[in-house]
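Please read the following account alongside the sequence and the coordinates, keeping both in view as the text moves from one region to another.

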Amino acid sequence: MSLVRVLFYFLSFIAIASALYAASSKNLVRSIFVFFVTLFALAGLYVLALADFVAVTQVVIYVGGILVLILFAFMLSGKETLNILQQQQEKLFSLKKLPALLLAGVFFIVLINVVLKADVDNLQWVKDAISFKNEITPNAVMIDNIGINLMTRYLLPFEAISILLLMALIGAAHLSRKEGKV
Amino acid sequence: MNYYITYFIVAIGLFSFSAFFALAGVYAERKISAYIQDRLGPTETGKFGSLQTLADILKMIQKELIIPAAADKWLFMLAPAVIFIAVYMGFAALPWAPGLIPSKINLGIYYIFAIISVETLGILMAGWGSNNKYSILGAMRSAAQIISYEIPAGFAIIAVVMIAQTLNLQEVAMQQGILATEKIKFAGFWDVSKIGGLFSWNVFRAPHLIIAFVIYFIASLAESNRAPFDIPEAESELVAGFHTEFTGIRFALVFLAEYSMMFLVSMIGVILFLGAWNTPLPNIGSVHLATWTTGMAWGILWVTLKTLTLVAIQMWIRWTLPRFRVDQLMNLCWKVLTPLAFACMLISGIWRLWLM
């Protein structure tokens, strides 16, 4: 087995194991910190796929931003609320969870189907790209490519997302504003 | 296989460098603070007290590792390691001299920016894991401060990146001296590609970057939790902040991380704004000072000198200015630094389009 393959299985194992722990652990804080391990392993997988920009962005946004915000929300809420949350004694399979189980099961079947039918080694567009030398090498500079594509081909989605973010920003500023004395 | 051995050697080298720097840094900090407060500082251990920090480390290694009974054991034990590793990994992408960089990655500065933000997580881990009110207050303050100041720091960095047009730190360094492959203009009008020296540094290439540099420097003080932004460990209110409960070698790791962080942020500032490993001496006529003082050993010398100067300024500021209050801190960040950083970014865009 090549080193890349070893690394792939190693990182996938870490990602899956830590995700399972994060989902099943009763200790909420710990599951947040284990989720960080999941995100880091995912970033490693992105690097293996030569998508290093995605990997670094994942670390910036999820680890530096979202995880810290989750932890903030968590630490600002009272200890009693958290204890009640942690002491819920529920079984994994119960009638209340039927819709969730059904959804998860169906999605799992879809994923298995995709994996089995994709036949990744013989995809036509991958073969075309290799024959035209239109592929990414480990030393390629990808940022220029991303920037040009964002400003030309994907301009509309890019603008739509920025307007969405602006709306969220204004909403947050409105919510956190001091109540004026009327 | 030799390849992998080099990686290990580089990693160990960087680690021993940061450890050595922390030793020297603590000693320098004590001497500088003593000078500023008109004291003598350490004098007994070794000549001029130079072995004092070594003795401190020996003491810390011998100390018992105490875990508080109510602490979350795993989080508590892992936190110092996470804090230090986050900072240490940042060193991987810093160029030391022409052709000398531990890891030549295209995303250099972006990667460092990402990996430093992991430190926040380690601090929150330490605060929560200690199960101590002071620790958690310190951790919350630290996280709030770091994620707020990442914004002006980030925009100041973007202002430079827009001028340099690359995220690769080695290329950013290369552009600021006589080794540049493109035309370098001093303040947008005087071609200094062959003259080099001080004039081709980024702060002089586009003068508005001086403002960006000051913004970055202030934000970097806040990110490394140094005074006047040391409210996370404000000893008069919070005992010692997020590292109250740590003893022995774990405490030493937290300290090591703080000093490595000081060096790291100063070195990023030097690379982005102050000409990286380029010499400050220009070529004057037939006296080729810049050509003579450019090279591997010179590069290491210049970058270390510049970085140590910035670290000394950080220490000087720490012992001169009083601590900010939380609301003052947030006001400074959101109402002063962030708009200024935005303005710098805008000017950078215009500068790049019309003057370069």
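**From the core outwards**

In this predicted model, the largest nonpolar core holds 126 residues, and the members that touch the most other members are Ala156(B), Ala212(B) and Ile271(B). Helix H11(B) is the element that gives the most to this core, with 18 residues. Once residues up to four places away in sequence are set aside, Ala156(B) touches Ala212(B), Ile215(B), Tyr216(B), Ala341(B) and Cys344(B), and one of these partners, Ala212(B), is itself among the three residues named for touching the most other members of the core.

Another of those three residues, Ile271(B), leads to Ala173(B), a residue of helix H7 of chain B, which spans residues 169–174. Beyond its neighbours within four places in sequence, Ala173(B) is in contact with Ile271(B), and also with Pro95(B), Ala276(B) and Trp277(B). Is Ala173(B) buried or exposed? There are 29 other C-beta atoms within 10 Å of Ala173(B), and because 20 or more are required for the term, this residue counts as buried. As for its position relative to the beginning of the chain, Ala173(B) and Tyr3(B) are separated by 170 residues in sequence, while their C-alpha atoms are 25 Å apart in space.

Helix H11(B), already met as the element that gives the most to the core, covers residues 248–273 and packs against helix H13(B), residues 296–318, their axes coming within 9 Å and crossing at roughly 120 degrees. Perpendicular pairs are taken to run from 65 to 115 degrees and antiparallel ones to lie over 145, so H11(B) and H13(B) are described as oblique to each other. The crossing of H11(B) and H13(B) is right-handed. On the side of H11(B), the contact is made by Met262(B), Phe263(B), Ser266(B), Met267(B), Gly269(B) and Val270(B), and H13(B) meets them with Val303(B), Lys306(B), Thr307(B), Leu310(B), Val311(B) and Gln314(B). Sorted by class, the residues of this contact comprise seven nonpolar, four polar and one charged.

The last step is the meeting of the two chains, where 18 residues of chain A are in contact with 20 residues of chain B. On the side of chain A, helix H2 (28–48) and helix H3 (52–76) each supply at least two residues, and H3(A) gives the most, with twelve residues. This side of chain A has 15 nonpolar residues, together with one polar and two charged residues.

Terms used
Residues are numbered from 1 along each chain as its sequence is written. Chains are lettered from A and ligands numbered from 1 in the order in which they are written. This is a predicted model: local features need pLDDT of at least 70, side-chain atom pairs count only at pLDDT 80 or more; totals for chains, interfaces and linings use all residues. Axes are lines fitted to C-alpha atoms, for helices over the stretch in contact, and angles run from 0 to 180 degrees between N-to-C directions. Helices (H or I, at least four residues) and strands (E, at least two) are DSSP runs, numbered from the N terminus. Angles under 35 degrees count as roughly parallel, over 145 as roughly antiparallel, 65 to 115 as roughly perpendicular and the rest as oblique. A crossing is left-handed if the near helix is turned anticlockwise from the far one by less than a right angle, and right-handed if clockwise. Two residues are in contact if their C-beta atoms, placed from the backbone, lie within 7 Å. Ala, Val, Leu, Ile, Met, Phe, Trp, Tyr, Cys and Pro count as nonpolar, Asp, Glu, Lys and Arg as charged, and the others, Gly among them, as polar. A residue is buried if 20 or more other C-beta atoms lie within 10 Å of its own, exposed if 12 or fewer, and partly exposed in between; C-beta atoms are placed from the backbone. A nonpolar core is a set of buried Ala, Val, Leu, Ile, Met, Phe, Trp, Tyr and Cys residues joined through C-beta atoms within 7 Å.
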